[in-house]
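Reader: I would like to learn how to read charged pairs and surface patches from a set of coordinates. Could we go through one case together, slowly and in order?

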Amino acid sequence: MRLAFVLGEIGSGIRRNLSMVVSVILVTFVSLTFVGAAGLLQLQIGQMKGYWYDKVQVAVFLCVDSSTTPSCASGPVTDEQREAIEEQLESPAFAQYVASVDYEDQATALSHFRDQFANSPLVDSVTADQLPESFRVSLVDPEKYEVINEAFSSMPGVETVSDQRELLEKVFSFMNMASLIALIIAGVMLVCAILLIATTIRLSAFSRRRETGIMRLVGASKAVIQLPFVLEGVIAAVIGAVLASGTLWAVAHFFIGALAKAYPATAFISAQQVLVLSPVLLVVGALLAGISSLLTLRRYLKV
C-alpha cells in the first residue's frame, strides 16, 4: 500500500511539474556531461602518458655548418668527436640510464623531415647538409633526461640535447587546461541544477499542500510524506546522468574510435573505459538531487 501510494505521488508530482522536471533532466544531463568530459580527458592523459613516456627518446644533435652554440665553435662534428660521443653513450657509466642508442645520419634525417613536412612548401628547399646528425637515446627511466643533458650538452661536436617529453608536456598541459575548463563549466551547471531541483521540489510541495496536510492529520510519517518529493528529483537527475553516460559512450565509441583507427600509433581510451565513469555520474546525480531536495523540504515543507 505504501509503495503504491509513493509511486502514485511521484507520478502525480511529475505530471503537475512536467516542464520543470524536463528542465532538471536537461540541466543535469549537460552538467554531468561536462563532468564526464573532464574525466575522459584525464583518462586520455593517463593513457597517453603511460604509452608515450616509454617510447620517448632523447636526441643528441651534432654540429653542422650553421650551428652557433659554443660547443660547435670549431665547425661541423668530426669523426673523432662523433666516435667519442657514441663511446660515452655506450660506456658502463651510462648503462644504468641508457637502454639503447640509434645513430641517424643526415640522409636519414632528411628522409624523416620530408615525411613529417610533406605538405610544406619548404620541404624541397631543405638539403641533407642543413640537417644535423643525431643519436637517438632511449632511456631506462625517461625521468632521468637531465643526466644525459648535463653530460653531453657541452661536449665538443654536440649542438643541443633535446627531450621529446617537452613537446608531450605541452600537449598534456593543453589537455589539462581543457579538463579544468570543462570542470568549471560543469560546476556552474551543477549549481544551476541544484537551484532548479530546489525550485521544482518547492513548487511540487506547494501544489500538493492540501494532500500533505491531510497526510499529517491521519498520522503519516515524515519519511512517507517527504519520500515522493525526494524521489522526483532523484529520478529526474538519474535520467540526466544516464543520458550523459550514453553521450560520453557514443563520443568514445564513434569519435575517439575513428581517431584510433586513423592514428593507430597513438594510444586512445576505449568506449569500455567510459563505463567506469557511468556509476560515478549516476551517484553524483542522485546525491545532488537527494541532498538539494531534502534541504528544500526542511525549509518549505513542515511535517
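Author: Let us begin inside a helix, keeping in mind that this is a predicted model. Arg-82 and Asp-79 both belong to helix 3, where three residues, about one turn of the helix, separate them. The two form a salt bridge, with 2.8 Å between the closest N and O atoms.

Reader: What is the general idea behind such a pair?

Author: Side chains of opposite charge can pair when their charged atoms come close. In this structure the count by the distance rule comes to three salt bridges.

Reader: Are Arg-82 and Asp-79 buried or exposed?

Author: Arg-82 counts as buried because its relative accessible area, 18%, falls under the 20% limit. Asp-79, with a relative accessible area of 47%, is partly exposed.

Reader: With which other side chain does Arg-82 meet in a salt bridge?

Author: Its other partner is Glu-133, and the N to O distance in that salt bridge is 2.8 Å. Glu-133 lies in the loop between helix 4 (106–116) and strand 3, whereas Arg-82 sits in helix 3, so this pair ties together parts that are 51 residues apart in sequence. Glu-133 is buried, at 10% relative accessibility.

Reader: Where does the salt bridge between Glu-104 and Arg-136 lie?

Author: Glu-104 and Arg-136 have their closest N and O atoms 3.2 Å apart. Glu-104 belongs to strand 2 (residues 98–104) and Arg-136 to strand 3, so the pair ties together parts that are 32 residues apart in sequence. Both partners are buried, Glu-104 with a relative accessible area of 8% and Arg-136 with one of 18%. As for how salt bridges combine, those that share partners join Asp-79, Arg-82 and Glu-133 into one network.

Reader: Strand 3 has now come up more than once; which residues is Ser-138 in contact with, leaving aside its neighbours within four places in sequence?

Author: Ser-138, which is found in strand 3 (residues 134–139), is in contact with Gln-57, Tyr-97, Val-98, Ala-99 and Ser-100 once those neighbours are left aside. Its relative accessible area is 17%, and Ser-138 is therefore buried.

Reader: How should I place these details within the whole chain?

Author: One starts with the order of elements and then turns to contacts and surface. The protein chain has nine helices and four strands, which run α-α-β-α-β-α-β-α-β-α-α-α-α from the N terminus on. Among contacts with a separation of 6 or more, 83% are between residues 24 or more positions apart. Of the 303 residues, 41% count as buried, and the accessible surface comes to about 16800 Å², with 64% of that belonging to carbon and sulfur atoms.

Reader: Which residues gather in a patch of negative charge on the surface?

Author: That patch is made up of Glu-80, Glu-83, Glu-86, Glu-87 and Glu-90. Among them, Glu-83 is found in helix 3 (residues 79–89) and is partly exposed, with a relative accessible area of 46%.

Reader: And which residues form a nonpolar patch on the surface?

Author: Met-177, Leu-180, Ile-181, Ile-184, Ile-185 and Val-188 do, and together they have about 530 Å² of accessible area. Val-188, for one, is found in helix 6 (residues 165–207), and at 49% relative accessibility Val-188 counts as partly exposed, because the exposed class requires over 50%.

Definitions and conventions:
Residues are numbered from 1 along each chain as its sequence is written. This is a predicted model: local features need pLDDT of at least 70, side-chain atom pairs count only at pLDDT 80 or more; totals for chains, interfaces and linings use all residues. Side-chain values use heavy atoms; hydrogens and water are left out. Patches are made of residues with over 30% relative accessible area and no salt bridge: like charges are joined within 9 Å, nonpolar side chains (Val, Leu, Ile, Met, Phe, Trp, Tyr) within 5 Å. Accessible areas come from the Shrake-Rupley method with a 1.4 Å probe; for residues, only the protein chains shown count as cover. A salt bridge is a side-chain nitrogen of Lys or Arg within 4 Å of a carboxyl oxygen of Asp or Glu. Helices (H or I, at least four residues) and strands (E, at least two) are DSSP runs, numbered from the N terminus. Buried means under 20% relative accessible area, exposed over 50%, partly exposed in between (1.4 Å probe, protein chains only). Lys and Arg count as positive and Asp and Glu as negative; His and the chain ends are not counted. The place of a charge is taken as NZ of Lys, CZ of Arg, CG of Asp or CD of Glu. Contact means heavy atoms within 4.5 Å.
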